[in-house]
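User: Please explain how the descriptive terms applied to this structure follow from the computed values.

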Amino acid sequence: MDWSQSLRLIAPEETLSIAGLVLLLVAAWSGDKASRLISILAVAALVAAAFLVAPALCAGAMGPETSAFFGQFRADAFASFAKILIYLSAAASLVIAPAFFERFKAMRAEYPVLVLFAALGMGIMVSAGDLVTLYIGLEMNSLAAYVLAAFLRPDDRSAEAGLKYFVLGALASGILLFGMSLIYGFTGTVSFTGINAALAGGLSHGALFGVVFILVGLAFKVSAVPFHMWTPDVYEGAPTPVTTFFATAPKVAALGLTMRVMLDAFGDQAAAWQQIVVFIALASIVVGALGAIGQSNIKRLMAYSSINNVGFILIGLAVATPQGASAMLVYLAIYVAMTLGGFVAVLMLKDENGAFVENIPSLAGLSRTRPALALGLAMIMFSLAGIPPLFGFWGKFVVFQAAVQADFIALAALGIAASVIGAFYYIKIVKIMYFDEPADVVKGESDIWHKIILVACVVFISPLGYLLAKWLGGLADVAAASLFFAL
């Protein structure tokens with residue numbers, strides 16, 4: 001193995017590791033008064049890492065030259081696509097945080113450091129070439145995430161969210177480890193390439209149980225039904241910037257990891273797990289939509305929206321084709337913009353005293369008191385519902401198109417029918433803002449960075465986003481092709 005080549009391939013991870021350690025020392029020496037400086041430097045490190053991975057995506061990197069450390073790490077175009085979404089989402093979550101935490105005098109120097117190490121773990125997850133690397137990345141992300149969920153110490157909801165996330169996350173990790181041990185026992189290897197080769201002759205009953213347990217563990221991480229129970233409580237209880245982070249970057253990492261494992265290690269045995277993924281996808285679409293209808297807290301509604309959207313994304317995985325994988329990546333890119341914009345809009349909902357407004361009835365008549373904010377939130381809701389001509393429609397369209405092309409016509413039809421249910425609660429928010437009598441609750445001023453990010457997200461999901469459709473689809477095709485390239 002060429003060590004210099006391997007070290008070159010992990011340059012983004014080296015950048016984040018060094019930045020995280022240095023900023024940790026700065027936090028220890030300077031304390032919370034340096035939190036803003038540390039946040040700025042952490043954002044710079046994440047942007048630098050995104051630039052470092054971009055050439056691999058643009059060049060369509062795939063094959064043996066993308067393999068590092070005896071195949072334990074893959075720096076291919078697929079990993080690069082996912083990492084760019086992860087790093088940019090993490091950077092945005094850092095930019096929007098100070099205005100929130102300063103309200104509670106709870107901005108701590110360790111917050112950006114935790115986000116940085118979580119992003120490092122997520123980058124390792126999507127680049128995993130074997131089960132050991134997978135688990136190292138997953139736990140590095142999870143350990144930071146448990147602390148972030150409970151970060152707002154004066155708030156009992158935050159402590160409850162951190163505890164629930166830790167307990168259920170530990171359960172998911174245990175299930176995942178058990179599945180990994182079964183796969184290792186029945187194949188004799190932890191390498192994805194080796195597992196694929198060992199299972200070429202068919203799955204034994206033991207290996208099949210291993211696949212199922214791994215899929216269950218990963219379903220916990222992506223908050224797919226029936227392993228979604230932690231999501232609404234954690235999303236509601238965690239500080240809103242942390243919830244924004246959870247709904248974007250870790251979601252990309254978990255879905256990317258699921259794609260890597262199921263299509264790389266178990267790709268030749270797709271018939272054994274496709275039915276499970278089909279059920280999880282449809283159940284997530286239906287339960288996410290029905291669960292959101294009765295919510296009065298907008299963060300809980302967004303949590304069920306996340307579950308609903310995961311179901312649509314998993315339709316691409318159920319197809320198990322390069323077109324399906326490409327559609328998943330396109331949907332993920334659009335989903336990140338919609339979710340980031342949605343939670344930034346939630347952060348901008350403040351009363352005259354600066355307290356954050358999360359109660360949906362308090363949004364009544366927002367179009368007459370804060371028309372620009374109401375318009376942005378309405379566009380995000382319509383885009384999440386997949387209503388044309390907004391760009392969210394394109395994400396659903398490419399996923400259903402991939403399903404139809406692979407002769408999964410019934411799955412596509414059921415997905416389209418179920419999406420109508422989801423449209424109800426999104427449109428309900430718009431109806432409350434535009435047609436109800438003004439509650440006149442949202443009066444607080446918004447932070448300039450929140451306005452900038454919301455405008456950027458709204459422009460991306462507007463009909464102008466279709467100008468990027470061909471370019472985004474081309475990058476997704478290249479990334480998906482690298483995932484299906486046999487080493």
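Analyst: A residue counts as buried when its relative accessible area is under 20%, and as exposed when that area is over 50%. The model discussed here is predicted.

User: Why is Thr244 called buried?

Analyst: Thr244 has a relative accessible area of 0%. Buried means under 20%, so Thr244 is classed as buried. The residue belongs to helix H12, and beyond four places in sequence it touches Ser93, Ile96, Leu340 and Phe343.

User: What makes the approach of the Thr244 side chain to the backbone oxygen of Thr240 a polar contact?

Analyst: The side chain of Thr244 reaches that oxygen of Thr240 at 2.8 Å. A polar contact requires a pair of N or O atoms within 3.5 Å, and the distance of 2.8 Å therefore satisfies the cut-off.

User: Why is Ser326 called buried?

Analyst: The relative accessible area of Ser326 is 6%; the limit for buried is under 20%, so the term applies to Ser326. Ser326 is situated in helix H15, residues 322–347. Leaving aside neighbours within four places in sequence, Ser326 is in contact with Gly473, Ala476, Asp477 and Ala480. The C-alpha atoms of Ser326 and Leu472 are 9.7 Å apart, although 146 residues separate the two along the chain.

User: Why is Gly194 described as partly exposed?

Analyst: Gly194 has a relative accessible area of 22%. Partly exposed covers the values between under 20% and over 50%, so Gly194 falls into that class. Gly194 is part of helix H9, residues 192–198. Its C-alpha atom lies 7.9 Å from that of Ala265, 71 residues away along the chain.

User: How do you know that H4 and H12 are roughly antiparallel?

Analyst: Helix H4 (residues 77–95) packs against H12 at an angle of about 170°, and the two axes are 8 Å apart. Angles over 145 degrees count as roughly antiparallel, so H4 is roughly antiparallel to H12. From H4, the contact involves Phe78, Ala79, Ala82, Leu85, Ile86, Ser89, Ala90 and Ser93. H12 contributes several residues, among them Pro241, Thr244, Phe245, Gly256 and Arg260. By class, this contact has 12 nonpolar, 5 polar and 1 charged residues.

User: What makes H12 and H14 roughly parallel?

Analyst: The axes of H12 (residues 240–265) and H14 (residues 298–319) cross at roughly 15° and come within 12 Å. Since angles under 35 degrees count as roughly parallel, H12 and H14 are therefore given that description. Their crossing is right-handed. In H12 the participants include Thr240, Leu255, Met259 and Leu263, which belong to the set meeting H14 residues including Lys299, Val310 and Leu317. The residues of this contact divide into 8 nonpolar, 4 polar and 2 charged.

User: Why are H14 and H18 called roughly parallel?

Analyst: H14 and helix H18 (residues 392–405) pack at an angle of about 30°, with axes 9 Å apart. The cut-off for roughly parallel is under 35 degrees, and H14 is therefore roughly parallel to H18. The crossing of H14 and H18 is left-handed. Asn309, Phe312, Ile315, Gly316 and Val319 of H14 make the contact with Lys396, Val399, Phe400, Ala402 and Ala403 of H18. This contact has 7 nonpolar, 2 polar and 1 charged residues.

User: Why does Phe70 count as exposed?

Analyst: Phe70 has a relative accessibility of 68%; exposed means over 50%, so Phe70 meets the criterion. Phe70 sits in the loop between strand E1 (67–68) and strand E2 (73–74). Its phi is positive, about 60°, although Phe70 is not a glycine.

User: What makes Asp407 exposed?

Analyst: The relative accessible area of Asp407 is 66%. The threshold for exposed is over 50%, so Asp407 is classed as exposed. The loop between H18 and helix H19 (409–435) holds Asp407, which also has a positive phi, of about 65°, without being a glycine.

User: Which residues are joined by cis peptide bonds, and where do Pro226 and Pro389 lie?

Analyst: One cis peptide bond joins Val225 and Pro226, with omega about 5°. Pro226 lies in the loop between helix H10 (205–221) and helix H11 (231–237). A cis bond also joins Pro388 and Pro389, with omega about 10°, and Pro389 is in the loop between helix H17 (371–384) and H18.

Terms used: Residues are numbered from 1 along each chain as its sequence is written. This is a predicted model: local features need pLDDT of at least 70, side-chain atom pairs count only at pLDDT 80 or more; totals for chains, interfaces and linings use all residues. Side-chain values use heavy atoms; hydrogens and water are left out. Helices (H or I, at least four residues) and strands (E, at least two) are DSSP runs, numbered from the N terminus. Buried means under 20% relative accessible area, exposed over 50%, partly exposed in between (1.4 Å probe, protein chains only). Axes are lines fitted to C-alpha atoms, for helices over the stretch in contact, and angles run from 0 to 180 degrees between N-to-C directions. Angles under 35 degrees count as roughly parallel, over 145 as roughly antiparallel, 65 to 115 as roughly perpendicular and the rest as oblique. A crossing is left-handed if the near helix is turned anticlockwise from the far one by less than a right angle, and right-handed if clockwise. Contact means heavy atoms within 4.5 Å. Ala, Val, Leu, Ile, Met, Phe, Trp, Tyr, Cys and Pro count as nonpolar, Asp, Glu, Lys and Arg as charged, and the others, Gly among them, as polar. A polar contact is a pair of N or O atoms within 3.5 Å; within protein, one must be able to donate a hydrogen and the other to accept it, and residues adjacent in sequence count only if both atoms are side-chain atoms.
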